[in-house]
Amino acid sequence: MRIEQELKLGFKDVLFRPKRSNLKSRSQVNLTREFTFKHSGRQWSGVPVIAANMDSVGSFAMASALAKHGVMTAIHKHYDVAQWREFVVSADSTTLKNVMVSTGTSDADFEKTKQVLALSDDLMFICIDIANGYSEHLVDYVEKVRATFPDKVITAGNVVTGDMVEELILAGADIVKVGIGPGSVCTTRVKTGVGYPQLSAIIECADAAHGLGGRIIGDGGCTCAGDVSKAFGGGADFVMLGGMLAGHEESGGEIIEQDGKSFMKFYGMSSQSAMDKHSGGVAKYRAAEGKTVLLPYRGPVENTIQDILGGVRSTCTYVGASALRELTKRTTFIRVREQENNVYGKE
């Protein structure tokens with residue numbers, strides 16, 4: 001047993017220090033990033049925010065709505081091939097290039113991924129997603145997928161330390177998904193005692209990935225637009241959002257009426273709700289590691305995504321970054337004990 005004494009930070013522990021800026025308006029900030037990925041050699045241009053691959057967030061409808069803003073969606077893995085076929089036929093090329101095909105690591109998952117990717121050459125992203133990215137099985141699976149799809153952009157995770165980021169990139173991943181336990185409906189830290197404060201995880205994993213020419217996704221922990229900016233400021237190339245995009249018309253969640261008000265069910269993908277729905281219940285050898293909550297129904301996602309992107313643009317103006325790619329270079333974080341004045345409650 002050993003103890004690391006260095007303090008690790010979450011989003012609530014810091015604020016940006018403002019810096020002199022010659023920007024006159026938020027409208028001058030360019031949020032588009034352009035990447036050429038290490039192994040696939042594929043190029044992508046867009047706004048590097050991703051709707052999470054949860055079945056009450058990462059829907060086909062969400063992908064269609066967010067693609068209009070250049071924003072990505074990791075489609076959840078519970079659509080079947082026939083549903084994918086219908087989506088591919090109806091979607092335009094821009095939408096398809098902004099979606100990730102999510103998969104687990106079983107033989108059945110592999111076969112399904114092959115069938116889905118065969119539907120269109122525009123499908124260029126694969127998201128290999130398991131809760132514990134420290135499994136050697138994940139490394140082996142990444143190698144297998146890379147050998148089969150040399151021209152696809154492969155994302156793999158989740159991990160929170162630089163050593164595992166490096167191993168996954170060397171195995172063939174272009175992008176590594178970073179985050180264990182920070183999500184709003186994740187209870188992994190409570191059930192297992194395992195986790196890592198998200199901002200420090202992003203900072204350390206970005207350093208490891210960029211040293212090898214790879215990229216990272218900061219996955220989880222964002223509760224507001226300021227947190228999205230902090231993730232980018234810490235070095236994340238992409239930021240994945242779950243709860244912030246849940247509860248909308250396009251989210252795909254179940255709408256429930258209570259006391260004349262509309263709510264939408266939102267749950268973690270390791271929750272009992274998810275396992276009851278997709279796996280016939282929680283297996284006897286494991287525990288559920290997710291919450292199920294009811295969110296007030298929020299209508300179309302359009303206003304929310306504009307608010308998020310507007311907040312990130314505003315961050316850039318405060319630190320003098322004319323483009324999102326400059327934000328991390330213009331970032332100085334200051335440690336704080338408080339974030340906001342809540343005397344009249346939260347917004």
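**Exercise 1.** In which loop is the place of Cys186?

*Solution.* This is a predicted model, in which local features need pLDDT of at least 70 and side-chain atom pairs count only at pLDDT 80 or more, while totals for chains, interfaces and linings use all residues. Residues are numbered from 1 along each chain as its sequence is written, and side-chain values use heavy atoms, with hydrogens and water left out. Cys186 lies in the loop between β8 (175-178) and α7 (188-192), where helices (H or I, at least four residues) and strands (E, at least two) are DSSP runs numbered from the N terminus. An unreviewed UniProt entry annotates Cys186 as "active site", and such annotations may be inferred rather than shown by experiment.

**Exercise 2.** Find out why Cys186 is in no disulfide.

*Solution.* A disulfide is a covalent bond between the sulfur atoms of two cysteines, and here the term stands for a pair of cysteine sulfur atoms within 2.5 Å. The closest cysteine sulfur to that of Cys186 belongs to Cys222 and is 14 Å away, so it is too far for a bond. Cys222 is in no disulfide either, its nearest cysteine sulfur being that of Cys224, 7.7 Å away. The structure as a whole holds 0 disulfides.

**Exercise 3.** Are Cys186 and Cys222 buried, partly exposed or exposed?

*Solution.* Buried means under 20% relative accessible area, exposed over 50%, and partly exposed in between, with a 1.4 Å probe and protein chains only. Cys186 has a relative accessible area of 25% and is therefore partly exposed, whereas Cys222, at 12%, counts as buried.
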